[in-house]
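Let's take a walk through this one, starting with its aromatic rings and then moving on to a helix. Keep the viewer open as you read.

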Amino acid sequence: MIFNKSSLSWRLLKHFLLIGGGVFSLIAIMLYLMSINFANLAVEKSMFGMAEDIQSSLVFDEHNQLVYHPDQVAEVWGYDALYNNLGFRITDIDSGQVILRSYTNPKVATILDAMPDILPEGYSKSINENGSRTDMYRIVFQLKEQLLAVDLARKDLVGELANEAVKPALSFVSALTMGAAFLVFVSVTLVSIRSLIRPVNNVTSQLLQIKPNQLDKRLSTEDVPTEILPLVLGLNDAMERVEQGFEEQKRFVANAAHELRTPLAILSTRVELTQIPPEVEPALMADIKYMSRVIEQLLDLSRAQNQAGFAHSLVDLKEIGKDVCMLLGPLSVTHKKELSLDADNMPCEIMGDKGALIILTKNLLENALKYADRNASVQLIIEQKRISVKDSGPGISDDDRVKLFERFWRKEQSALTGSGLGLSIVSEIAHAHNAEIEVICKNDLGGATFRVDFT
């Protein structure tokens, strides 16, 4: 995944983090508020349970006197540990008289004396003059047809204990849980974004794999989300139109070249049979040969672009190198260049179209022979799955390098020494064979090197 300000991954991550951050912040606030009131909530629940246990421990004896058995309460609630902080009384609702009190411990007696005579049912609290708080709880019940109330009082020491001991632990556990949950959320977010972006990356990967000679390929619509399916279909339609336009262009070039061959042949014959002034005839024949050369190269370009016409078979690159060197031997003498063939001893066989590979090798050698300096050395090097043409000429500038394979481009546009199609044909043939072309502008001999690597 690539995260930058304009990427879809960054936008999704930003939205996920904003939403997740808001949700986790809300949860953190709720946990904080709950931790603040934890002591009160815990005390209220504990006092309710304590009051119920005290009620269940009350009985009337044979003299109809209310008796309290604290053993069960002590076992369940640890009453002995809370003895100095808790106190209760049993009140007769009808008469309003207190008929039973807890142990007459001075501290407990103080708590009970501070309680109002009538308490509301349930939990309540009061603030004493010294600022301390007393928590109270009342439950009303019936025992032997007598309506009684258990009034329970608690000093705030238990609340302080809860705040000092439980609240920090609760805060720590909450923070740890929230942190771990947020890390899990971020991890899940990254995995989710990667899963969401994967179809887009797949489409991009398919597009990058389509080469100039593979315009018939289309993007796969399998497992493509509905949201980006129109984009994929639009790209396929655009590629269909590009392919049709390219095919029409190829047919036009091929048809035009074929139609021009015959008139040029007739023109050449007529010039040869007609008495033309000697000072005009050489220039006129040179122009006709140049035009014929351009037409032949246009036909070669058309054939190179039409891969369906290639007959792939096992081809020996060393045999192609020998044939091309024999064919261009006279040209090297004409241009006063030294042409040599350096072939590897290992087998140099590939699957390809022999005629197309001969044209590729011939065009590379012709360029080197034409444009290298006088008496320069031109080497054709055949290796396993590689053809290299190396010369000791002036080399190639970086500015010219990017234009080498453009059609009809020549360094000297006014000169009629070439059509500017030779390297374009080389490029088309290389692409048709899934080969890569490497251009070294300055080699160890001072000139340029063209390498064609086959897979």
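How many aromatic pairs does the count come to? Keep in mind that this is a predicted model. By the rule that ring centres must lie within 6.5 Å, the count comes to five aromatic pairs.

Start with Phe24 and Phe182. Their ring centres sit 5.5 Å apart and their planes are at 90°; planes over 60 degrees apart count as edge-to-face, so that is what this pair is. In sequence terms the two are distant: Phe24 belongs to helix 1 (residues 8-36) and Phe182 to helix 5 (residues 157-209), 158 residues apart. As for solvent, Phe24 has 17% relative accessibility, and because buried means under 20%, Phe24 counts as buried. Phe182, at 31% relative accessibility, counts as partly exposed. Ring pairs also bring in Phe185, linking Phe24, Phe182 and Phe185 into a cluster.

Now for Phe48 and Tyr137. Here the ring centres are 5.8 Å apart and the planes are at 65°, so this pair is edge-to-face. This pair also links distant parts of the chain, with Phe48 in helix 2 (residues 38-56) and Tyr137 in strand 6 (residues 133-143), 89 residues apart. Phe48 is partly exposed, with a relative accessible area of 35%, whereas Tyr137 counts as buried at 10% relative accessibility.

Next stop: helix 8. What does 1.5 Å a residue give for its span? Helix 8 (residues 317-334) has 18 residues, and since the expected span is 1.5 Å times one less than the number of residues, it should span 26 Å; its end C-alpha atoms are 26 Å apart, which agrees. Look along the axis, though, and you'll find a bend of about 45° at Leu328, with a proline, Pro330, following within four residues.

Look at the ends, too. At the start of helix 8, a side-chain oxygen of Asp316 comes to within 3.0 Å of the backbone nitrogen of Lys318. Just after the helix, Lys336 takes a positive phi of about 55°.

Which residues of helix 8 are buried? They are Leu317, Ile320, Gly321, Val324, Cys325, Leu328 and Ser332. So Leu328, where the helix bends, is one of the buried residues under the 20% cut-off. The cover over these buried residues includes strand 8 (313-316), strand 9 (338-343), strand 10 (349-352), helix 9 (354-371), strand 11 (377-383) and strand 12 (386-391).

Note on methods. Residues numbered from 1 in each chain as written. Predicted model: local features only at pLDDT ≥ 70, side-chain atom pairs only at ≥ 80, totals over all residues. Heavy atoms only, no water. Phe/Tyr/Trp six-rings, centres within 6.5 Å; stacked < 30°, edge-to-face > 60°. Buried < 20%, exposed > 50% of the residue type's maximum accessible area, 1.4 Å probe, protein only. Bend = angle between axes of the 7 residues up to and from the residue. Contact = heavy atoms within 4.5 Å. Polar contact = N/O pair within 3.5 Å; in protein donor to acceptor, adjacent residues only side chain to side chain.
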